[in-house]
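Me: I'm new to this one and would like a quick tour. Could you show me the sequence and structure so I can ask about them?

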Amino acid sequence: RPSGSPEEEEEREEEDFVDWRGFRIVRPYMRKMRARVKGAWSGQTVLQIFRNVFRADEATLPKIEDSIDKGRLLVDGKRPGKNVPLRTGQLITHDIHRHELIVLSEVPRVLSVDACFVSVAKPPTLPCHTTGLYSKNTVLELLERERD
């Protein structure tokens with residue numbers, strides 16, 4: 001995981017997916033994002049951190065403010081002041097509502113496994129790992145579910 005990337009936590013349910021006309025759809029869900037304030041972020045407000053570190057644009061910042069107002073964005077379990085600078089080590093948590101993009105419903109198949117590699121056949125629309133708008137609709141997530 002890259003330095004500064006938020007940790008993610010979610011509830012896993014069997015009925016997360018719907019197959020529809022050859023596509024796999026993930027039902028919308030809540031996800032808790034977590035990040036500890038790094039030394040380089042110390043002294044910045046929550047909004048500054050979201051703008052400078054997490055690259056929130058001007059259209060997104062009002063949504064971040066709304067999350068603070070509604071208690072979905074917390075620092076050390078409390079609503080942060082919008083102008084209060086944060087300190088190294090504080091825990092930022094943000095409950096977000098996720099909608100993933102649809103992918104082809106073809107299930108990835110393991111072709112071979114050796115000491116160093118796992119070869120998988122997958123549909124072209126399915127990313128290998130969590131990225132952008134994909135968390136559950138990934139090869140790693142689907143193979144892990146199959147293994148459980």
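Me: Is Val 113 buried or exposed?
Reply: Keep in mind that this is a predicted model. Val 113 sits in strand β8, which covers residues 109-113. Exposed means over 50% relative accessible area, and Val 113 has 60%, so the label is exposed.

Me: Which residues make the nonpolar surface patch of about 270 Å²?
Reply: We've just met one of them: Val 113, with its relative accessible area of 60%. The patch is made by Val 110, Val 113 and Val 118.

Me: In the open sheet of 3 strands, which ones stand at the edges?
Reply: The order is β2-β3-β7, with antiparallel pairing. β3 (residues 23-26) pairs with β7 over 2 bridges, and Phe 23 stands opposite Leu 104 in β7. Two strands have a single partner each, so one side of each is left without a neighbour in the sheet: they are β2 (17-20) and β7 (103-104).

Me: What supplies the largest share of the largest nonpolar core?
Reply: That core has 15 residues, and Phe 50 is one of those touching the most other members. α1 (46-52), α2 (61-69) and β5 (73-75) each supply at least two of its residues. The largest share, 4 residues, comes from α1.

Me: How many residues are in the other core?
Reply: This one lies apart from the core we just discussed. Among its members are Val 26, Tyr 134, Val 139 and Leu 143. The count is 9 residues.

Technical notes: Residues numbered from 1 in each chain as written. Predicted model: local features only at pLDDT ≥ 70, side-chain atom pairs only at ≥ 80, totals over all residues. Heavy atoms only, no water. Patch = residues over 30% accessible without salt bridge, like charges linked within 9 Å, V, L, I, M, F, W, Y side chains within 5 Å. Areas by Shrake-Rupley, 256 points an atom, 1.4 Å probe, with all protein chains shown as cover. Salt bridge = Lys/Arg side-chain N within 4 Å of Asp/Glu carboxyl O. Buried < 20%, exposed > 50% of the residue type's maximum accessible area, 1.4 Å probe, protein only. Pairing = 2+ DSSP bridges. Core = buried A, V, L, I, M, F, W, Y, C linked by side-chain atoms within 4.5 Å.
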